[in-house]
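The following paragraphs guide a new reader through one protein model, step by step. The sequence and the structure should be kept in view throughout.

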Amino acid sequence: MTKTTIIAPANIAFVKYWGRRNDNLILPLNPSVSMNMSGCTTTTSCEWGEWEEDSIKIKFKGKEMVEASGAAREKALKVIDRVREKLGTKFRVRIESENNFPEATGIASSASGFSALTKALYESFDASLSEKEMTIETRLSGSGSACRSIPDGFVVWDKGDNDDGSDSYAYSIAPAKHWELVDLVCVVDIGNKKVSSGEGHVRPKNEYMQARLRNIESRVSETISAIKEKDLEKLGVVTEIEAMSLHTVCMMSEPPIFYLNGATFEVMATIRELRKKGIMAYYTMDAGANVHVITEMQYLPEVKSALSKIDKVVMMIENVSTNGARIL
Ligand code: PMV
């Protein structure tokens, strides 16, 4: 057993994971497709030993490294306890985790955080898991979307059909270098989101969810072929429809969930205006108000210049496709 450090990216989904068919096994209602984000990463080190208790330290950009407390500690401990049981050990861990993006950006750190933690726990124990097994273990960490941060580049997470979840795993459909696609995260809301995605996944279903699921398989195929063909327009059109489908389901849940705010719509309108001028850029939003603008390098200067004129845009973070979780 050796101290091991893992760096893992966040990921942005073009086809989103929303809703679970099994809560304990984190089995999704639908397959999802994503890209790893180069500019939003978590670096986590892990060491196993015969200590009295676990130590879990977290550091956010510009802040001191502190012992984790509250919900963050509980979530990490749940993962650690599960892996400890799986490995059949009584050893304790020393974890140190660092995010390269500021804490209060409202950018979800769960995918990078949970994929880095899961891989660090196994790798530092010298447990040899295949990539497929690692994605399944990461899926079980609680943040299902984190499993898409394990494989490289552009990734699909199959929903699987088996009741035991053995066929619900993530794999790469194209390497990071395949396409220098940009995800410019346009931060418009630095507050914490009110309804966590975990809570959203189990909100009572509604008639819109059925409509969403009817179309999802064709959106997944369309997205995969757009990525393979490096066709930005094809990808952008399906990505925007897909984001609206997710947020419609959220707004039609009981009680409703509103993630988007006025600034989100302002950014979306700006992107649509840019397209009229031939600047190819598209938008998608996760469980929050911040907008992920999907574009290519050649359009980036004009996209940034237009978005920087919007008052409510507090920060922009540039990402291209990158590799999945790896040992540093
Ligand atoms: O993995 P979770 O439970 O944090 O849920 C992620 C949900 C979305 O970000 C909205 C969609 C996705 O597929 O990433």
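Ser-32 has Trp-157 as its bridge partner in β8. This pairing offers a starting point in a model that is predicted. Strand β8 covers residues 154-157, and four bridges join β4 to β8 in an antiparallel arrangement.

Strand β4 itself deserves attention next. It spans residues 32-49, and 14 of its 18 residues are buried, so the strand is largely enclosed by the rest of the structure. The cut-off behind this statement is a relative accessible area under 20%. Besides β8, strand β4 pairs with β1, which comprises residues 4-15; the two run antiparallel and are joined by eleven bridges. Within this pairing, Ile-12 has Met-35 of β4 as its bridge partner. Strand β7, residues 92-99, also pairs with β4 in the antiparallel sense, over eight bridges. Here Ser-45 is matched with Glu-96 of β7.

From β7 the path leads on to β5. Five bridges join β5 to β7, and these two strands run parallel. One of the bridge pairs consists of Ile-58 and its partner Ser-97 in β7. Strand β5 is also joined by two bridges to β6, residues 66-67, and this pair runs antiparallel. Lys-57 finds its bridge partner in Glu-67 of β6. Together β5 and β6 form a hairpin with six residues between them. In the turn of that hairpin, Gly-62 has a positive phi of about 80 degrees.

Which strand contains Ser-55? The residue is found in β5, which covers residues 55-59. Ser-55 has a relative accessible area of 17% and is therefore buried. Its side chain makes a polar contact of 3.4 Å with the side chain of Glu-67. Leaving out residues up to four places away in sequence, Ser-55 touches Glu-67, Val-93, Arg-94 and Ile-95.

The next region is the loop between α3 and β8. Ala-146 lies in this loop, with α3 covering 131-139. Because its relative accessible area is 0%, Ala-146 counts as buried. Ala-146 and Ala-10 are 136 residues apart in sequence, yet their C-alpha atoms are 7.7 Å apart in space. When residues up to four places away in sequence are not counted, Ala-146 touches Ser-110, Ala-111, Phe-114, Ser-115 and Thr-138.

Pro-151 is located in the loop between α3 and β8 as well. A relative accessible area of 0% is the reason why Pro-151 is classed as buried. Its C-alpha atom is separated by 7.2 Å from that of Glu-131, a residue 20 places apart from it along the chain. Beyond its neighbours within four places in sequence, Pro-151 is in contact with several residues, including Asn-36, Thr-135, Tyr-171 and Asn-323.

The surroundings of the ligand can now be considered. How many residues surround the ligand? There are 13, and the closest are Tyr-17, Ser-145, Arg-148, Ser-197 and His-201. By character, the shell divides into four nonpolar, six polar and three charged residues. Oxygen atoms of the ligand take part in several polar pairs. An oxygen atom of the ligand is 2.8 Å from an N or O atom in the side chain of Arg-148. For Ser-143, the distance from a side-chain N or O atom to an oxygen atom of the ligand is 3.2 Å. At Gly-144 the partner is a polar backbone atom, 3.3 Å from an oxygen atom of the ligand. The protein covers 93% of the 380 Å² of accessible area that the ligand has on its own.

A few backbone details complete the account. Glu-254 and Pro-255 are joined by a cis peptide bond, with omega of about -10 degrees. Pro-255 is found in the loop between α6, residues 232-251, and α7, residues 262-276. Asp-126, which is not a glycine, has a positive phi near 60 degrees. It is found in the loop between α2, residues 110-124, and α3. Lys-230 likewise has a positive phi, near 55 degrees, in a residue other than glycine. Its place is the loop between α5, residues 207-229, and α6. With a relative accessible area of 42%, Lys-230 is partly exposed.

Conventions
Residues numbered from 1 in each chain as written. Predicted model: local features only at pLDDT ≥ 70, side-chain atom pairs only at ≥ 80, totals over all residues. Heavy atoms only, no water. Near = heavy atom within 4 Å. Polar contact = N/O pair within 3.5 Å; in protein donor to acceptor, adjacent residues only side chain to side chain. Areas by Shrake-Rupley, 256 points an atom, 1.4 Å probe, with all protein chains shown as cover. Nonpolar A, V, L, I, M, F, W, Y, C, P; charged D, E, K, R; others polar. Buried < 20%, exposed > 50% of the residue type's maximum accessible area, 1.4 Å probe, protein only. Contact = heavy atoms within 4.5 Å. Pairing = 2+ DSSP bridges.
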